[in-house]
Amino acid sequence: MKSKSSYDFYLILATALVLFAISLISIYGMFYFKLAQIQQMAPAVKMSYMNRMNSFIAPFIISLILLLGICVPKRLLPTVLLNRFAVLLVAVAVLTGLVAGVKASLFLILGASLVLQLLVLILALGGSKNLHFHKKGYWVRLGSSLIHLGLILFVLDLLLYEKKNLHLFLFWITTAASVVGMLLCFYAEFVVRLIKDKQNAATENSI
Amino acid sequence: MAVLLISAVIITFFALLNLYSPKPLYQRASAILLAAINFFFLAGFLWICWFHWQIYLKLPLEVPQELIAWINRQIAMINSGSSYDMGLYNAAAPPRYKIPLWIENEKYYFWFMCYGIMALLVHFRLQSHRFRALLQIFLALQVAILYFWADPFSSPLPQFLGEVETWYKPGLSLMAKAAYFMRLYPKMVFYYNAEYMWFHPPLLFISYGAITIVFLTSVFMLIKRNLLIEKVGYGYAKLGFFMLTLGMLLGYPWALKAWGPNWWWDPKICSSLMMWAVFSTYLHTRLYANKKSMWYFTSLLGIICFLAMIFTFLTSFYFPGEHTFQ
């Protein structure tokens with residue numbers, strides 16, 4: 001558990017707020033679906049309902065991706081740099097949205113976040129003075145990077161659902177990244193213990 | 001089930017005594033009863049396994065010889081318009097039901113059994129007699145639900161047996177038999193025998209059991225600041241979130257296969273998304289749970305997680321859509 005009020009704390013609160021908004025939109029969708037009897041409507045009406053829900057949720061998904069673009073790499077990259085990057089990304093995304101539409105804007109944000117997240121993953125894998133593979137923090141950071149990479153890939157995958165083969169391929173990558181990420185992040189102590197036991201066994205064998 | 005209910009009634013009595021007593025009472029007896037309830041649960045689960053094995057052995061979908069060519073033509077025609085294949089009928093190996101162990105009333109049984117095992121593990125990890133009492137009362141409540149509303153043993157798999165009953169009645173005409181086969185076979189392939197049925201529902205039910213533990217620890221966190229109970233709750237929250245996310249993800253390719261692409265924003269999907277978002281919020285805020293305000297906020301979110309879980313489960317009954325149990 002962390003103790004002091006910080007930038008990190010406010011980022012967590014902002015994330016909680018965005019997730020809360022996504023929950024509210026989901027509840028709205030449920031009741032709208034039931035009351036408007038969408039399941040009995042023509043496919044065109046159902047498509048228009050799905051498109052409307054997509055447009056409602058898109059800003060919050062963008063906010064979530066931007067937030068984790070700042071949140072995860074903040075111990076690996078300078079915060080000022082990340083903030084500037086986020087502001088620049090928002091500006092370019094808004095411009096792209098105005099010129100080429102929301103989908104293009106979403107692709108841009110996802111592409112940029114994906115590159116950033118991959119960079120973070122490489123940095124996390126490389127470790128540092130504070131983050132080394134025999135310490136818990138290393139695996140938590142690595143796991144967290146993988147979970148967030150999985151989330152970005154999942155949203156990207158949803159946008160590419162018409163390309164069937166790529167869609168399922170990306171989906172399984174998303175699943176693998178999320179599962180490995182959660183295991184490393186949630187059970188970091190166990191991973192460290194496993195590594196130490198192996199190291200001890202190797203040392204004993206060499207003696 | 002009667003033995004389970006009797007054990008649950010006795011454990012509730014001990015639990016109520018402990019809840020109101022400042023000192024621990026009958027702790028050894030409670031532990032033995034809790035272990036016994038888990039033993040009965042496991043014995044019942046083994047019976048369910050045996051019952052499903054009997055269905056596999058004794059209820060093949062055998063078709064009269066003269067219908068095979070017609071049926072295979074129909075299946076080939078359906079396959080030509082779909083990207084997913086249903087296997088052609090093979091007289092040497094007729095299709096058999098491989099029914100998962102968590103459909104109809106059995107799903108409640110499996111869910112509550114998972115909770116029972118978790119309650120037993122938590123019982124031995126935490127010494128607080130009041131918290132143990134709360135765990136036991138919840139288990140007793142679940143046993144009561146099983147006994148009065150969802151007993152999987154008094155009349156097992158009524159919906160499934162109702163569906164296939166006519167097929168095994170003697171005197172069915174060839175035409176009726178063919179039509180009936182074309183109704184039963186796709187459901188067998190895409191629902192009863194779907195490989196995802198072995199992963200998607202059980203992972204969710206394990207997560208439901210874990211979320212119930214998170215709920216109880218959260219209620220306790222609101223009353224008393226006990227770090228050990230909070231730590232246990234967080235351990236189960238991690239397990240629950242892992243199972244929930246994996247379970248939801250594994251439902252995705254199955255939904256594409258069974259329903260095609262246009263099921264997104266279905267009420268069940270909306271409610272699952274809502275529950276996942278609430279759970280994610282809980283895990284994020286928990287990082288700062290040692291701040292006084294965040295301690296209560298996190299506890300509140302743990303309680304909301306449980307309510308969201310109940311709401312999500314009930315969605316299948318009260319909201320229309322692809323996932324409906326109506």
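**Close-ups of chain B**

**View 1. A buried isoleucine in helix α3 of chain B.** I75(B) counts as buried because 20 other C-beta atoms lie within 10 Å, and 20 or more is what it takes to earn that label. Keep in mind that this is a predicted model. The helix that holds I75(B) is α3 of chain B, covering residues 68-80. Who are its partners, leaving aside neighbours within four places in sequence? I75(B) is in contact with M86(B), L88(B) and Y89(B). Then there's P186(B): count along the sequence and it sits 111 residues from I75(B), yet C-alpha to C-alpha the two are 9.2 Å apart in space.

**View 2. Chain B as a whole, built with helices and zero strands.** Stepping back, you can count 11 helices in chain B, and reading along the sequence gives one α after another, α-α-α-α-α-α-α-α-α-α-α. Its C-alpha atoms fill a box of roughly 75 × 40 × 30 Å along the principal axes. Of the 326 residues here, 38% count as buried. Take the contacts in chain B with a separation of 6 or more: 76% of them join residues 24 or more positions apart.

**View 3. The three domains of chain B.** Domain 1 is made of two stretches, 1-61 and 105-156. Domain 2 also comes in two pieces, 66-95 and 157-193, while domain 3 is the single run 197-326. How far apart are the C-alpha centres of domain 2 and domain 3 of chain B? They lie 37 Å from each other.

**View 4. Helices α9(B) and α10(B) packed together.** The axes of these two helices are 11 Å apart, at an angle of about 145°. The crossing of α9(B) past α10(B) is left-handed. On the α9(B) side, the contact is made by Y234(B), A237(B), F241(B), L244(B), T245(B) and M248(B). Facing them from α10(B) are S272(B), W276(B), F279(B), Y282(B), L283(B) and R286(B). Sort the residues of this contact by type and you get nine nonpolar, two polar and one charged.

**View 5. Where chain B touches chain A.** Here 30 residues of chain B are in contact with 30 residues of chain A. Which elements give two or more residues to chain B's side? They are α9 (227-259) and α10 (267-286) of chain B. The largest share comes from α10(B), with 11 residues. By type, chain B's side divides into 19 nonpolar residues, 10 polar ones and one charged.

Note on methods
Residues are numbered from 1 along each chain as its sequence is written. Chains are lettered from A and ligands numbered from 1 in the order in which they are written. This is a predicted model: local features need pLDDT of at least 70, side-chain atom pairs count only at pLDDT 80 or more; totals for chains, interfaces and linings use all residues. Domain bounds come from an automatic or database domain assignment. Two residues are in contact if their C-beta atoms, placed from the backbone, lie within 7 Å. Helices (H or I, at least four residues) and strands (E, at least two) are DSSP runs, numbered from the N terminus. Ala, Val, Leu, Ile, Met, Phe, Trp, Tyr, Cys and Pro count as nonpolar, Asp, Glu, Lys and Arg as charged, and the others, Gly among them, as polar. A residue is buried if 20 or more other C-beta atoms lie within 10 Å of its own, exposed if 12 or fewer, and partly exposed in between; C-beta atoms are placed from the backbone. Axes are lines fitted to C-alpha atoms, for helices over the stretch in contact, and angles run from 0 to 180 degrees between N-to-C directions. A crossing is left-handed if the near helix is turned anticlockwise from the far one by less than a right angle, and right-handed if clockwise.
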